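Reader: I'm new to reading protein models. Could you walk me through this one, a question at a time?

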Amino acid sequence: MIPSTSSLTAALQTVAIGAIMYFWMRRRRSKPNEKAKPLHVDYGEAISFPFPMKVIGSLPEWIRIPLMVKGSKPSPPRDSIDILGQDSEVDPYEKKLILPGKIWRVRYSYLMSPEFKKAMEGLFGNVNAAAITNAPDHLKETLEKDIAAAEKYDTMSEKERAEQGGDSKQDMFIAKINIDGDDNALLIYNPVRLHPQMIDWINTLGEVKFIVSGSSSHTNFLPDAAKKFPNAKIICAVAADLKCQGVGMRPADFLYDVVRDEEVPTRYSGRGTYEDALEALQGQARLFHIRGDVCTQALFVLVHKHLFEVDLLYVNSDEKLRETEFESGTSIQHSSHRIFHYSLITKKAHPIGYLLPKYRCLMMDPTSLLASKLMIDAPNADGSSCVIMAESLRSALKTLSQHGVCDQVLSSHTHEMSRECFCQKLNETWGWLDGTSLLE
Ligand SMILES: [Fe+2]
């Protein structure tokens, strides 16, 4: 069979594009800045990046960043209500009153998206073997059962998985504050998916005036929250704002990693800064932006002596809860959590951060392709992001440790804990940043 002219043209185009990419990548070597300083600590084995990531990493910044923004657009995973309908008996929301009339926690369950799961496996491979190796002896059998349960779960239909409630969860915190004399104003932190019944419940508490993202990596539900509460002011990082505008979210009102003293890029002019956000909160809540944390641009919110946190702590700090819930829980969420924990978090799996998934270290490494070329915010090539982050954490912990400032911490990936416990765990988790204790 003789190929048509159009197919020959397409083939020639493919060869030409392939040749250009080949020589481009050879020249660029798809490597981060070759003068970049390696991370000062060893965070484990090197990651082999898939070819498309290497190609994107080799592109100049003006093409690469828009591609990265497009590729990391929020994509909300599905939950039991999406799949089983509003009348389903499986409630994705678990509400908890933290401080009467003032603070609430909402734990939201959902199904991890197949794309996210695939991306994690693409980077870290099959983590099952590592999870069993790293688990303590008394949990090895449990991990074997977890892996069998996770494999069975993967073969289930979406409906069956939804009937189990899903395999992932995220916490949202709500605080009632007084703005312009209205003591029914609400601030929601780290928003989750807001189905009508959740909106109805929130409306019984007050009027949402602020939506705070808390982490530039938690953006899947932010555009939906912005849409559901059109009058609320949005406080988020620039990276979160870029990603969310990619799916049509209105521009955030306050960008907390753009400070007044620095040169504000034209595209952000007219938006509020960190200091403007503090002013808008009228002293009802304090913000602590953890500078240098290029992976999540973590932002603490302190309100009613309670601190809201996301993406800096990853393990349960309460030993009793750890035993009764984490170790003996039998749901698919417990199984997934244990596999994640023992493959990516344990000290054995990751020699420098006892409580930290290794990708959080990787994201601070200027010589890593992922951190330096495939994220919207990259670590400084001279390694100074670690020092900046350590100083920022140290300063926040110092303020929080003053008498009467903070009673309790609500951590999105763990449970409530005392301020003392939080400071100690944060130090154990991030003390490696500049090799000096974060506690003064
Ligand atoms: Fe997270």
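Reader: Where does Lys305 lie?
Author: Happy to help! This is a predicted model, in which local features need pLDDT of at least 70 and side-chain atom pairs count only at pLDDT 80 or more, while totals for chains, interfaces and linings use all residues. Residues are numbered from 1 along each chain as its sequence is written. Helices (H or I, at least four residues) and strands (E, at least two) are DSSP runs, numbered from the N terminus. With that naming, Lys305 sits in the loop between β9 and β10.

Reader: Is Lys305 buried, partly exposed or exposed?
Author: A residue is buried if 20 or more other C-beta atoms lie within 10 Å of its own, exposed if 12 or fewer, and partly exposed in between, with C-beta atoms placed from the backbone. Lys305 has 15 other C-beta atoms within 10 Å, so it is partly exposed.

Reader: What is the phi of Lys305?
Author: Most residues other than glycine have a negative phi. Lys305 is not a glycine, yet its phi is positive, near 60°.

Reader: Which residue in the hairpin of β9 and β10 takes a positive phi near 50°?
Author: Two strands pair if DSSP finds at least two bridges between them. Strand β9 (residues 299-303) and β10 run antiparallel, joined by 3 bridges. Their hairpin has 2 residues between the strands, and the one with a positive phi near 50° is His304.

Reader: Which residue of β11 stands opposite Leu307?
Author: On the β9 side, Leu307 of β10 is the bridge partner of Leu302. β10 also pairs with strand β11 (residues 408-411), in the parallel sense and over 4 bridges. There, Leu307 stands opposite Val409.

Reader: Which residues of β10 point the other way from His306 and Phe308?
Author: In a regular strand the side chains alternate between the two faces of the sheet. Strand β10 covers residues 306-309, and all of them are buried. Opposite in direction to His306 and Phe308 are Leu307 and Glu309.

Reader: Is Asp311 buried or exposed?
Author: Asp311 is found in the loop between β10 and α13 (319-327). Although not a glycine, Asp311 has a positive phi of about 75°. It has 22 C-beta neighbours inside 10 Å, so Asp311 counts as buried.

Reader: Which residues outside its close sequence neighbours is Gly44 in contact with?
Author: Gly44 is placed in the loop between α1 (5-28) and α2 (51-57). Gly44 and Tyr359 are 315 residues apart in sequence but 9.8 Å apart in space, C-alpha to C-alpha. Two residues are in contact if their C-beta atoms, placed from the backbone, lie within 7 Å. Leaving aside neighbours within four places in sequence, Gly44 is in contact with His350, Pro351 and Lys358.

Reader: Which helix gives the largest share of the largest nonpolar core?
Author: A nonpolar core is a set of buried Ala, Val, Leu, Ile, Met, Phe, Trp, Tyr and Cys residues joined through C-beta atoms within 7 Å. The largest one has 100 residues, and Ile174, Leu187 and Ile211 have the most contacts inside it. Its largest share, 7 residues, comes from helix α17 (residues 384-400).

Reader: How many of the residues of the protein count as buried?
Author: The protein has 18 helices and 12 strands. Among contacts between residues at least 6 apart in sequence, 63% join residues at least 24 apart. Of its 440 residues, the share that counts as buried is 40%.
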